[in-house]
Amino acid sequence: MSATPNPIDMAKYVSARRALDYVQDGMRVGLGTGSTAAWMVRCLGEMIRQDGLRVTGVPTSTRTAELARQCGVPIATLEDVKWLDLTIDGADEFDPDLALIKGGGGALLQEKIVATASDMMVVITDKSKQVDHLGAFPLPVEVIPFGWQTTKALIEESLIGMDVAGRSVTLRLNRDASYRTDEGNLILDLHLRRIGNPRQLALVLNQIPGVVENGLFLDICDVVIMGDADGGVEVRDINNGTVTYEKVDIQDDDNIFVAIAD
Ligand SMILES: O=C(CO)[C@H](O)[C@H](O)COP(=O)(O)O
């Protein structure tokens with residue numbers, strides 16, 4: 001590599017590169033959202049350009065759709081393809097069962113629909129996302145704007161009986177205005193610090209009127225790839241029960257990495 005990448009970019013990059021080993025010619029691939037997923041989209045674009053790989057990408061946000069177009073990744077909607085072979089996405093937290101918190105980038109709704117409609121979900125991360133218990137990262141909950149303060153109050157009330165360590169709920173902002181998702185909805189961030197029973201919480205939240213979806217991804221993720229700054233990856237496969245460590249060969253990656261790092 002002729003540029004010196006910063007350690008965080010390197011960790012994200014190698015996890016994204018390794019995830020593309022799961023992509024085969026002709027696949028329909030869900031394209032996640034966020035800075036780690038963006039590396040995956042760029043690398044996928046390179047594979048299409050250099051190796052003639054044929055794939056159809058289904059983006060999980062307008063941001064990812066735009067990046068995919070820039071990178072020459074052919075895209076379609078979920079309505080077009082109906083079902084996917086694979087989704088590759090980032091996460092905000094993952095636990096030993098590969099349960100996830102997602103939605104830090106605000107795209108949790110499309111991300112959950114796309115991942116659920118996939119035969120396999122591969123999550124690309126770095127060590128900062130690994131936790132023993134979910135909840136240090138605020139849990140995003142997407143709600144419709146109509147009556148959102150009532151929805152927020154109902155969420156706060158529902159948290160009283162829950163096994164969580166914190167109960168404050170805040171409206172996500174984008175500068176001075178409320179943050180809007182691609183669907184025009186709002187995000188409430190639940191500052192729970194520790195989620196004792198993610199399954200119960202997910203069920204309770206999704207029963208509250210006004211809640212569209214929550215950022216807990218349970219029994220959806222198959223593989224987590226955790227990159228490190230030395231170009232190594234730990235690959236955890238929940239179905240095989242395996243955890244392996246390997247170095248990713250990035251000798252020939254100067255073009256893509258230098259172009260983006262610059
Ligand atoms: O859930 C997400 C977006 O809604 C992202 O996958 C998550 O926020 C991780 O992002 P990054 O790779 O930038 O750390």
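## Close-up views of a predicted model

**View 1. Helix 1 is mostly covered, with 10 of its 13 residues buried.** Keep in mind that this is a predicted model, here and in every other view. Helix 1 runs over residues 7-19 and reaches 18 Å from its first C-alpha to its last, close to the 18 Å expected at 1.5 Å a residue. Who's tucked away here? The buried residues include Met10, Tyr13 and Val14, but also Lys12, Arg17 and Arg18.

**View 2. Glu111 sits in helix 5.** Helix 5 covers residues 108-116. The UniProt record, an unreviewed entry, puts the feature "active site" at Glu111. Is Glu111 buried or exposed? It takes 20 or more other C-beta atoms within 10 Å to count as buried, and Glu111 has 32, so Glu111 is buried. Skip its neighbours within four places in sequence, and the residues in contact with Glu111 are Gly32, Thr33, Thr60, Asp89 and Lys102.

**View 3. Here is the shell of 18 residues that surround the ligand.** Closest to the ligand are Gly34, Thr36, Gly90, Gly104 and Gly105. Two elements, helix 2 (35-51) and helix 5, each give two or more residues to this shell. Which helix gives the most? That's helix 2, with 3 residues. Sorted by class, the shell has 10 polar, 4 nonpolar and 4 charged residues.

**View 4. Strand 15 and strand 16 pair up in the antiparallel sense.** Strand 15 (residues 232-237) is joined to strand 16 over 6 bridges. To pick out one partnership, look for Arg236, whose bridge partner in strand 16 is Val243. The hairpin has 4 residues between the strands, and Gly241 takes a positive phi near 70° in this hairpin. Strand 16 (residues 242-247) is hardly covered: the count of buried residues among its 6 residues is 0.

**View 5. Arg175 has a positive phi although it is not a glycine.** The phi value is about 55°. You'll find Arg175 in the loop between strand 9 (173-174) and strand 10 (177-178). Why does Arg175 count as exposed? The limit for exposed is 12 or fewer other C-beta atoms within 10 Å, and Arg175 has just 5, so Arg175 is exposed.

**View 6. Asp219 is not a glycine either, yet has a positive phi of about 60°.** Asp219 belongs to the loop between strand 13 (216-217) and strand 14 (223-227). With 11 C-beta neighbours inside 10 Å, Asp219 counts as exposed.

Methods
Residues numbered from 1 in each chain as written. Predicted model: local features only at pLDDT ≥ 70, side-chain atom pairs only at ≥ 80, totals over all residues. UniProt positions renumbered as here; feature names shortened; annotations may be inferred. Contact = placed C-beta atoms within 7 Å. Pairing = 2+ DSSP bridges. Near = placed C-beta within 6 Å. Nonpolar A, V, L, I, M, F, W, Y, C, P; charged D, E, K, R; others polar. Expected span 1.5 Å × (residues − 1).
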